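Hi,

Here is the structure I said I would pass on. Have a look through it, and my notes on what turned up are below.

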Amino acid sequence: MAGKKTGSGEEPNYRKAKQRGARRDFEALRDRRMRAAEMFAAGRRQIDVAVELEVTQQTASRWYRQWADGGSDALEGPRRAGRRPRLDDTQIEVIREELLKGPQAHGFATGVWTLGRVAIVIERLTGVTYGPTQTWTILRTRLGWSRQRPARRAVERDEDAIVAWRENEWPRIKK
C-alpha cells in the first residue's frame with residue numbers, strides 16, 4: 001500500500017486512529033451522547049441527531065436503540081478505556097515511600113535504582129510481577145519519575161584543589 005495516492009494527491013494515513021499520545025476525551029464523548037438523549041427525548045429524528053452532532057447515521061441509530069431500551073443512563077458510557085491497572089493508588093503510594101528509602105534499605109549493594117531492582121521491590125510489596133517495560137511505565141506515569149544517571153565522581157575528589165589547579169596550573173600549561 002505504500003506509495004498509493006488518494007484522489008487529493010496525498011498519501012493516506014492508515015494509522016490515524018493509533019496516533020502516539022492521543023487520548024480520548026471521555027467527558028466530551030459522554031456529553032455528546034447526553035445531548036443525543038436530550039434530542040431523542042424532545043422527539044428529534046435520528047438523522048437530525050446525526051447531522052447536528054456530526055456522527056454517522058449508524059451511530060445515531062445505535063444511540064437511539066440504547067436510549068429507547070435504557071434511557072439516558074444507557075448512554076453514559078465508560079469512564080475510562082483499557083484494562084484496569086493491577087496496582088491501585090494506595091499500593092502505588094506504598095511503593096513510592098519504599099523507593100524513596102533507597103536501594104540499600106531493600107538489601108541491594110549500591111545506591112542506584114535499576115528497573116530490575118524496582119520490579120523486585122514491587123513484587124515483594126504487592127506480589128505483582130512486572131517486566132522492565134511495565135516497571136518503567138509505572139515509574140514514569142504513575143509516580144511521575146524520570147530517568148536519572150548518577151554523577152560519576154570520585155569519593156576522594158577535592159573541589160578546592162581542582163579550582164586551584166584550574167586557576168593556577170591550567171593557564172600556565174595552556175600557553
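Let's start with one helix: which residues in α6 are buried? They are Thr135, Ile138 and Leu139. Keep in mind throughout that this is a predicted model.

Those buried residues are not scattered around the helix. Looking down the axis of α6, they fall within an arc of 95 degrees, so they line one face of the helix. That fits a general rule: an α-helix has 3.6 residues a turn, so residues three or four places apart point the same way. What lies over the buried residues of α6? The cover includes α4 (89–100) and α5.

Take α5 to begin with. Helix α5 covers residues 115–126 and helix α6 residues 132–142, and their axes come within 9 Å and cross at roughly 80 degrees. The two are therefore roughly perpendicular to each other. On the α5 side the contact is made by Leu115, Val118, Ala119 and Ile122, and on the α6 side by Pro132, Thr135, Trp136, Ile138 and Leu139. By class, that contact has eight nonpolar residues, one polar and no charged.

Now for α4. Its axis is 12 Å from that of α6, and the two helices pack at an angle of about 95 degrees. So α4 and α6 are also roughly perpendicular to each other. Here α4 brings Asp89, Ile92, Arg96 and Leu99, while α6 brings Ile138, Leu139 and Arg142. The make-up of this contact is four nonpolar, no polar and three charged residues. If you are clicking through the model, Ile138 and Leu139 are good places to stop: both are buried, both are in the contact with α5, and both are in the contact with α4. One more detail at this end: Gly144, just after α6, has a positive phi of about 75 degrees.

Next, the aromatics. How many aromatic pairs does a search of the whole structure find? The count is five. One of them is Phe40 with Tyr64: the ring centres are 5.1 Å apart and the planes are at 80 degrees, so this pair is edge-to-face. Phe40 sits in helix α1 (residues 26–41) and Tyr64 in helix α3 (residues 57–70), so to speak a link between distant parts of the chain, 24 residues apart. Phe40 is buried, at 4% relative accessibility, whereas Tyr64 is partly exposed, with a relative accessible area of 32%.

Phe40 also pairs with Trp67. Their ring centres are 5.7 Å apart and the planes are at 40 degrees, so this pair is tilted. Again helix α1 is linked to helix α3, with Phe40 and Trp67 27 residues apart. Both of these residues are buried. Taken together, Phe40, Tyr64 and Trp67 form one aromatic cluster.

Trp67 turns up once more, beside another residue of α1. Ala37 is in that helix, and is it buried or exposed? At 1% relative accessibility, Ala37 counts as buried. Leaving aside neighbours within four places in sequence, Ala37 is in contact with Trp67, Ser72 and Leu75. Ala37 and Ala74 are 37 residues apart in sequence, and their C-alpha atoms are 9.5 Å apart in space.

That's what I have for now. Happy browsing!

Key:
Residues are numbered from 1 along each chain as its sequence is written. This is a predicted model: local features need pLDDT of at least 70, side-chain atom pairs count only at pLDDT 80 or more; totals for chains, interfaces and linings use all residues. Side-chain values use heavy atoms; hydrogens and water are left out. Axes are lines fitted to C-alpha atoms, for helices over the stretch in contact, and angles run from 0 to 180 degrees between N-to-C directions. Helices (H or I, at least four residues) and strands (E, at least two) are DSSP runs, numbered from the N terminus. Angles under 35 degrees count as roughly parallel, over 145 as roughly antiparallel, 65 to 115 as roughly perpendicular and the rest as oblique. Contact means heavy atoms within 4.5 Å. Ala, Val, Leu, Ile, Met, Phe, Trp, Tyr, Cys and Pro count as nonpolar, Asp, Glu, Lys and Arg as charged, and the others, Gly among them, as polar. Buried means under 20% relative accessible area, exposed over 50%, partly exposed in between (1.4 Å probe, protein chains only). The arc is that of the directions from the helix axis to the C-beta atoms. Rings of Phe, Tyr and Trp (its six-membered ring) pair if their centres lie within 6.5 Å; planes under 30 degrees apart count as stacked, over 60 as edge-to-face and the rest as tilted.
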